[in-house]
Amino acid sequence: MAPSPTSSLWPCQAHPPTAAADRVVLVRGQASTVYDNRGRAYLDAPASLWFCNVGHGRRELAEAAAAQMTTLETFNNFGRYATAPTLELADRLAPLLPMPEAKVFFTSGGGDGIDTAAKLAQWYWAAVGRPAKRTIVTRELAYHGLHGWGTSITGIEANTEAVGRPISSTIRVPTHDLDFLEALLAERSDEIAAFFTEPVIGTGGVVPPQPGYLAAARELCRRHDVLWVSDEVVTGFGRTGTMFASAGYGIEPDMMVVAKGITSGYVPLGAVAVGPRVAEPFWSSDPSVVFRHGLTYSGHATACAVALAHLDLLEREDLVARVAALEPVLDDALEPLRRHPLVREVRGPVGLMAGVELTDPAVGAWIERQALEAGVLTRVLGGRTLQVSPPFVIEEEQLRRIAGTWLELLDRAPG
Ligand code: PLP
């Protein structure tokens, strides 16, 4: 019999009655641990959805929000209007970004950042007299959120079920195949606006780039006059052990999309960082070239105030360096899993980002449930890859507990 819903909430990526029958209601968090409404503690192995980088329960971020809200909660960012924290955050981010003289267009999250970047790529080519360049190329396994563009360019086919690709001018290329990409760009660059990629693919199963792939693909895009857009919604702000993964891999993007780690999820915020080439026609002395795009909450003052306090915190606690220092610890903790017969492959770690791919999706679902019982909140990507992306403040012993819990469970997984 179908479980009956007990709430009006329509949850993401779920059959609502099934989710309602098995709901976990989280009420509190501290550092790398969250607590449910029955008082049970869970280690947050995925940092919720890759976002809680500075850990849960940071009072100073709440205080930054309260201070801004009681002064001016926000105002819009259209035309000549702006608020002080919005301006300050843009100027504070610009020198951190892996492109010279970056301009910053704020969004509410990652998916609308992807929409913004895709539209801006097309707008740019129209502005420089090449309006036929409209197609967006992405990699198989790519995830770029589920707004209109994100759904259209995803490399995860399940997300297009029933709706197809709402925007048709998109092409997918095999994840690691440079020859395929080169042939495509050689043949069709007249119609291709941009290549979007996550430096390390996240939701598609944690797939780091093969050595040399990103630099070579970047060079192909440059040679064929195709814009490069790094999707750093997951990797941005330290997840891979450098402030931005693009810089770590020696890539200078034309645009970069960030969200999640810009505030560690304390309030919703995202941004598109725009390099000099794409910015040029819109920032030139000709006032008739305008990017006709805007979001009510673009540059929301409270969100920007929190982002500023969050940057203070990242810097003061040197958390990006901590991620780099923890990478070998995580690698060591994951080592026994690499040899387990039910593990197909361990990918990464890159910084504090890894994936443990199992041989059998049925085991993935079982591990998720059992690990929760054992106090390790576990997320399974694509039905079979255990996601490792904990808060940057995680302790070494906690990293070992996550890997150890999974190992113990795999040893007694039903055959
Ligand atoms: N891009 C990447 C790489 C993501 O992982 C996500 C979300 O997980 C998005 C874009 C979409 O972000 P949002 O869920 O904030 O719309």
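In this predicted model, domain 1 and domain 2 bury about 2,100 Å² between them. Carbon and sulfur atoms account for 65% of that area. On the domain 1 side, Trp-50, Val-54 and Met-353 supply 30% of the area buried against domain 2, more than any other three residues. In terms of contacts, 25 residues of domain 1 meet 30 residues of domain 2. The C-alpha centres of the two domains lie 27 Å apart. Domain 1 is made of two segments, 16-54 and 318-411. Domain 2 spans 61-316.

Trp-50, one of the three main contributors from domain 1, falls within helix H2, which covers residues 47-50. Ser-48 belongs to this helix as well. The backbone of Ser-48 has a phi near 55°. That value is positive, in a residue other than glycine.

An open sheet of four strands was also identified. Its order is S1-S2-S3-S13, and the pairing is mixed. Strand S1 (26-30) and strand S13 (376-377) form the edges, each pairing on one side only. S1 pairs with strand S2 (residues 33-36) in the antiparallel sense. Four bridges connect S1 and S2. Within this pair, Arg-28 stands opposite Tyr-35 of S2.

A hairpin is formed by S11 and S12. Strand S11 comprises 343-347 and strand S12 comprises 354-358. The two run antiparallel and are joined by four bridges. Val-343 has Leu-358 in S12 as its bridge partner. Six residues separate the strands. Gly-348 lies in the turn, with a positive phi of about 85°. The peptide bond that leads from Gly-348 to Pro-349 is cis, with omega near 0°. Pro-349 itself sits in the loop between S11 and S12. Met-353, named above for its share of the area that domain 1 buries against domain 2, directly precedes strand S12 (354-358) in the numbering.

Open space in the model was examined next. The second largest pocket holds about 930 Å³ of space. Its lining consists of 28 residues. Closest to the pocket centre are Asn-77, Gly-79, Val-104, Phe-105 and Trp-283. Three elements give two or more residues each to the lining: helix H4 (84-93), strand S4 (103-107) and helix H10 (276-283). Val-104 and Phe-105 fall within the bounds of S4, and Trp-283 is at the end of H10. By class, 19 lining residues are nonpolar. Six are polar and three are charged.

Methods:
Residues numbered from 1 in each chain as written. Predicted model: local features only at pLDDT ≥ 70, side-chain atom pairs only at ≥ 80, totals over all residues. Heavy atoms only, no water. 1 Å grid on protein atoms, 1.4 Å probe; cavity = no way out; pocket = protein on both sides within 12 Å on 5 of 7 lines; lining within 4 Å. Points joined across faces, edges and corners; volume = space filled by probe spheres on them. Nonpolar A, V, L, I, M, F, W, Y, C, P; charged D, E, K, R; others polar. Pairing = 2+ DSSP bridges. Domains from an automatic or database assignment. Contact = heavy atoms within 4.5 Å. Buried area = accessible area lost by both parts, 1.4 Å probe.
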